[in-house]
Amino acid sequence: MEQYNVTGMSCAACSARVEKAVGKVPGVTACSVSLLTNSMGVEGSASPQAIIQAVEEAGYGASLKGGRSEAAAAVNDEEALKDRETPVLKRRLIASLCLLIPLMYLTMGHMMWGWPLPKWFDGNHVAMGLVQLILTGLVMVINQKFFISGFKALFHRAPNMDTLVALGSSASFLWSLYVLFAMTRAVVDGNSEAVMGYMMDFYFESAAMILTLITVGKMLEARAKGRTTDALKGLMKLAPKTAVLVRDGAEVEVPIAQVKRGDVFAVKPGESIPVDGVVLEGISAVNEAALTGESIPVDKAAGDAVSAATINQSGYLKCEATRVGEDTTLSQIIKMVSDAAATKAPIAKIADKVSGVFVPVVIGIALVTTLIWLLVGQTAGYALARGISVLVISCPCALGLATPVAIMVGNGMGAKNGILFKTAVSLEETGKVSIVALDKTGTITLGEPKVTDILPAEGYDEAALLRLAASVEKRSEHPLAKAIMALADEWHADIDEVAGFTALPGNGIAAELDGARVLGGSAKYIESQVAIPDALARQARALAEAGKTPLLFARDGRLAGIIAVADVIKEDSPQAIRELQGMGIRVAMLTGDNPRTAKAIGDQAGVDGVIAGVLPDGKEAVVRALAEKGKVAMVGDGINDAPALTRADIGIAIGAGTDVAIDAADVVLMKSRLSDVPAAIRLSRATLRNIHENLFWAFIYNVIGIPLAAGCFIKLFGWTLNPMFGAAAMSLSSFCVVSNALRLNLFKLRDPGRDKKAAQPADISDVIAQLSARSAEGEGVRMRLTIEGMMCEHCEKRVCKALEKVPGVTSAEADHHTGIATIRATQPVDADVLKQVVEAQDYPVTAVETL
């Protein structure tokens, strides 16, 4: 999508006009104009010159937002969002008030309440009219922008809000000018009775008051609109302006635009990290709140990734730049938020259609109103007042702003909390989902093994067992060994040196410790070496049935105990799933794991259904099947789950961190917290509710205001509307809509207290049953391998990965508990080939059979 700056727009009719003009350019497939940010997004093959020309022919200005370095982009975009309107409008308002106050004193104060006037006004009604003429003329000159913009738009046959204001105030002024000439003639003729009648027909103060009140409304609206982009401007201010590069051993400070990929930069405590990179030297805590909203600093050491705009808090870091300019995480976030602001939500199309024809219709109603009152015998002044009231009370801006201001505030609110909606459509549609499909690994679970249980045998305690296990696992590269070592570091356990370390593929490890033989490995292997007490054997089986991997350790032929390791669920996962269910949303878990492990995790998490044995290419079919029951959101890591994320109505990439540029997802969650999923849905629902409120008030304002201004209620209730009050109502309508949108900043998106449950939640039980059965039955040829030595999920994945590389094999499943692997293939596969690829991974194969 190409981004353009657009100038000269003043209301929703203007943005509709620009959108219509650009949409007619050959090669343009989509165009979205944002009145809020004065920007335009265009998709298609049309040249920028053709697009700019179309905008200019429509009576507006346009310029292409060019590609720039990160710092330049941030500065220029921040300048583009800077509130330049409010100061100008404030000066205009002050000048207008300085002239309006004496004008109102002269007209209202003297005429209605008899306030004193200078003696030279005594009986000189023409002089009073001339002073009113001069004061009103000066107010019109000060607010000439309304007339220039309004009549220019009328000339281009695209009248806008400024056209209504210009026509209303011009009609008041010209009518009053005619009355002044008529009164002058009456004075010359000596007709004092006619002179007093003419004095009551002056509408100079209405013309000036209309312009002043509209300026008040415009200023309030501009100030409120400026606040809606605070979140985006806050992100832009985070972009560092300089970086300290390490060149030839010396530190050199350079502008951020000069940093290139591969450069080495240094960051001292308290400084911002300038670009995305990887730590080469040093240990520190980095505050990533600017990007993720997480206030707790993250420890960084050599090999860890760091992101631009995060704060180095404690240590000295030396890093290598990996992403610079517009490729950094910060730049991608800014681009997402600004792109979302440049797109339109589906609900906005209704308001856009109305806004496109609103002003011509209002002008027609004003003319008809004036004619009808003249035909029923009212004076020209009275009829004109009704027509002018119709013009100045009508407000297309409230309709045009109802959706974009809420989208901008909601988007900014999400960005501050690490929730990024790529488009306005995704922000609107996320709250409508009725089914959430969750990938297991890395979404519900941490995605890495952790020690879950320590069960010491007689003669050992937990600390002694962990010390023994860590001592022997120290030299192992197995993922399960890393989990034990991580816990040993956390407990500050003493680790002994071992000799004669030997890895026994498929079984475990062996080593010598103080002359004693130490063994570690699967229950099956340790059982063949030492006697296992019945109580511990039962506990090992129970752990396996719960989806955990029990590792047994023995010393000198005697069992020391069991340490269970598993990919544990995140702390917030069960609560997040309960919150989703509390909203009336059904939750399904998709995983490539075997059914037993999947069911154990699903039960802990509390999901509504589990579909096991699903490979990445099969998840897309699962999402398609679930979509028959309702709108589906797929939550995954955004990489392996890309087909499913694309297929889902809403794709949510969780835990993206430094990889926010995920094309497949509609929503990107910066933190690896599942609780952000209900928060995103909650925010979407609140935003949509706010849009509905804005549209209701914008429509109802015009539905009631226009008939009231036209005098439709005079016969019924005696209600009439002075043009000045009409202008006041018009000026406040847009301000009220924008202010209502700003209420979203107070919304508590993590509070489930006000969640509303759907009346009829989607029933996915039959779909889950069908998909589970299909997964179990499979398609094509099925073959089973009996394998020794698989000890954990990582062993399963290693075997599956090897088998899936065999030509003809479409999928593979493995279960380390049973020692069985099952493949699906388009045709029979040579058993020797299957045996060879598995044994190449150090897992002996004892049997291969076709099912």
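In the predicted model, Val-306 is part of strand S11, which covers residues 305–306. The residue is buried, because its relative accessible area of 2% falls under the 20% cut-off. Several contacts surround Val-306. Leaving aside residues up to four places away in sequence, Val-306 touches Ile-273, Val-275, Asp-276, Gly-277, Val-278, Val-279, Lys-300 and Cys-319. Gly-277 lies 29 residues from Val-306 along the chain. The C-alpha atoms of these two residues are nevertheless separated by 5.3 Å.

A further element of the model is an open sheet of seven strands. The strand order is S14-S26-S25-S24-S15-S22-S23, and the pairing is mixed. Strands of a sheet pair through backbone hydrogen bonds, in either a parallel or an antiparallel manner. Strand S14 (419–421) and strand S23 (609–611) form the edges. Each has a single partner strand, so one side of each is left without a neighbour in the sheet. From one strand to the next, the twist averages 20°.

The S23 edge can be described at the level of residues. Strand S22 (residues 586–590) runs parallel to S23, and three bridges join the two. Leu-590 has Ile-611 in S23 as its bridge partner.

A helix also meets this sheet. Helix H26, residues 676–710, packs on the sheet. The helix touches S14, strand S15 (435–439), strand S24 (632–636), strand S25 (650–654) and strand S26 (667–669). The direction of H26 makes about 50° with that of S14.

Note on methods. Residues numbered from 1 in each chain as written. Predicted model: local features only at pLDDT ≥ 70, side-chain atom pairs only at ≥ 80, totals over all residues. Heavy atoms only, no water. Pairing = 2+ DSSP bridges. Helix = DSSP H or I, 4+ residues; strand = E, 2+ residues; numbered from the N terminus. Axes fitted to C-alpha atoms, helices over the stretch in contact; angles between N-to-C directions. Contact = heavy atoms within 4.5 Å. Buried < 20%, exposed > 50% of the residue type's maximum accessible area, 1.4 Å probe, protein only.
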